[in-house]
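Subject: Structure handover

Hello,

Please find below the structure I said I would pass on. My notes come after it.

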Amino acid sequence: MNKKMRDWLIIVVIFLIAWFCPVPEGLTWGSWHIFSVFIATIIGFILQPIPMGAMAFLGIAVAGMTKVLSAKVILGGFGSTTLWLIICAFFFAKGFEKTGLGRRIAFVVIRAFGKKSLSLAYSIGLASLILGPAIPSNTARAGGVLFPVIKSLSEAYDSQPGPTAKRLGSFLMSVTFQIDAVVSAMFLTSMAANPLIADFAQKTLGITISWGGWIEATIVPGLCALIVVVLATYLINRPEIKATPKAPELARQELEAMGKMSRHEWIMLFVFVLALVLWITSGITKFDNTIVAILGIAILLVTGVLEWTDISGHKQAWTTFVWTGFIMLLSAQLNSSGFIKWFAHGIMTHMAGLPWIVSAFLAMAIYLYSHYGFASMTAHVSAMYVGLISVAAAAGAPPFVAAFSVAMAASLCGVLTHYGTGPAPVYFGAGYVSQGKWWQIGFVMSVLNICIFYFVGLAWWKVLGLW
């Protein structure tokens, strides 16, 4: 039996077992069978015998044909404003890629701060931080924009995979990957699943997290984590070359080759700043975050920065639209049908008597380290986020702490393995870091990240009056 057949067999068996087993006490027929479709779809996302978009179509068909959900309810799930914000964020990323503005920003920062290997790493962190709000795909940001820059810098110092990897390349590859995970946690629009998380938090715990509210909550623990993670990676995977005078020179040469900023780059920069200002001030202006994003895309289309074919032909965006919309719908139905409340109550019986501060930390840690079994950040969010924040809240954790601590783990968990998030295969596949070293760095960084984001975050959220 080949792998594809085995994967299909696993999916079908799990679905049939869930579907035909007795409905647990405390649940209705409908809620349990929604869960049957949900769990089979999630397993399909993990194993991927067919692409995720195709698996979502299959799940939609099964949900409709078995009358678990009506056609009206299913199709209504694709009208979510959160879903459209995710899609618009992909189109913003396309604008950065097409105009070259993302590469220009990276090289400008490296030219200014990249004279030593450690300061070079911090300059990469600054570049990633600048790009974070506008490029929602960590794969596009770290793999598409930054990876070619990092590879060029490594090769400039004759650091290649193999005997010379330790000269500089091994450090730069590992530290850039670790930086990306922290930046992914810091903005509502820096990781594709973050708006999905905000939607789940609102529907499950009644917590509304705006763009400005997200960065307000992450700015202190996020900056602390960036400082610590870069230094810790430097100590664990110390480069042989400490001074990097060629890096600013390489950046200067690249910027000269790019020439002056084009009209399209200026427009892209204007739209980026405009969107940031409107997102940050949404509490005052009452402009919806999704409408702001749509306005930005409209300006890019009218001015010719993006062509309509860039929108209609963006396969990754529309694939995300299909499967994310269906998962958001199933999660909302699981919540409204009482399944999530039942699930949280069941886990709470094993956490009885623990202080809420411990229970919330355990929920965060369980989420983070369970990512060893996942190859997709968004599939992980879909499978576990709602259940774990419900557990933390049921243990007495303030709703914001429950929702946001696990939300941070949803990005930070990507550091663990060489397969757990989109950029991982890109950076690991470059051949500069061994698998053992990769996992060692990932585990150490996971411990540092979870402690910083939980305990520093907890103190900061208290200062902000969020709990």
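The notes below start with the whole chain and then go through a handful of residues.

This is a predicted model, so please read everything here as computed from predicted coordinates. The mean pLDDT of the protein chain is 87, and 99% of the residues score at least 70. Confidence is highest in helix H11 (residues 211-236), with a mean of 95, and lowest in helix H18 (residues 339-348), with a mean of 72.

Overall fold

The protein chain has 23 helices and zero strands. Its C-alpha atoms fill a box of roughly 65 × 55 × 50 Å along the principal axes. The radius of gyration is 22 Å, which agrees with the value near 23 Å for a compact globule of 467 residues. Of those 467 residues, 55% are buried. Among contacts with a separation of 6 or more, 79% are between residues 24 or more positions apart.

The exposed surface of the protein chain comes to about 18,300 Å², and carbon and sulfur atoms supply 70% of it. As for charge, there are 28 positive and 16 negative charges, and their mean positions are 3 Å apart.

Two loop residues with positive phi

Most residues other than glycine have a negative phi. Which values do Gln48 and Lys67 take? Phi is near 50° for Gln48 and near 60° for Lys67.

Gln48 sits in the loop between helix H2 (29-47) and helix H3 (52-65). Lys67 is in the loop between H3 and helix H4 (71-76). Gln48 is partly exposed, because its relative accessible area of 40% falls between the 20% and 50% cut-offs. Lys67, at 70%, is over the 50% limit and therefore counts as exposed.

Helix H2

Two residues of helix H2 are worth a look in the viewer. His33 is one of its residues, and Phe35 lies in H2 as well. His33 is buried, with a relative accessibility of 3%. Phe35 is also buried, at 18%, so it falls under the 20% cut-off.

What does each of them touch, once neighbours within four places in sequence are left aside? His33 is in contact with Trp19, Val23 and Val68. Phe35 is in contact with Leu334 and Phe339. Phe339 belongs to the range of helix H18 (residues 339-348), where confidence is lowest at a mean of 72, and I would read that contact with this value in mind. For a sense of distance across the model, the C-alpha atoms of Phe35 and Ala257 are 55 Å apart, with their positions 222 residues apart in sequence.

Three further buried residues

Ser376 is in the loop between helix H19 (356-369) and helix H20 (377-394). Is this loop residue buried or exposed? Ser376 is buried, with a relative accessible area of 11%. Not counting residues up to four places away in sequence, Ser376 touches Met52, His371 and Gly420. The C-alpha atoms of Ser376 and Phe45 are 8.1 Å apart, although the two residues are separated by 331 residues along the chain.

Leu276 is in helix H13 (residues 263-280). Its relative accessibility is 17%, so Leu276 counts as buried. With residues up to four places away excluded, Leu276 touches Pro133 and Trp211. From Leu276 to Thr81, 195 residues away in sequence, the C-alpha distance is 18 Å.

Ser170 is placed in helix H9 (residues 169-186). A relative accessible area of 3% makes Ser170 buried. Its contacts, again leaving out residues up to four places away, are Ala165, Asn237, Tyr432 and Val433. Ser170 and Phe38 are 132 residues apart in sequence, and their C-alpha atoms are 40 Å apart in space.

Those are the notes for this structure.

Regards

Conventions. Residues numbered from 1 in each chain as written. Predicted model: local features only at pLDDT ≥ 70, side-chain atom pairs only at ≥ 80, totals over all residues. Heavy atoms only, no water. Helix = DSSP H or I, 4+ residues; strand = E, 2+ residues; numbered from the N terminus. Buried < 20%, exposed > 50% of the residue type's maximum accessible area, 1.4 Å probe, protein only. Rg over C-alpha atoms; globule rule 2.2 N^0.38 Å. Contact = heavy atoms within 4.5 Å. Areas by Shrake-Rupley, 256 points an atom, 1.4 Å probe, with all protein chains shown as cover. Lys, Arg positive; Asp, Glu negative; His and termini not counted. Charge placed at Lys NZ, Arg CZ, Asp CG, Glu CD. pLDDT = per-residue confidence, 0-100.
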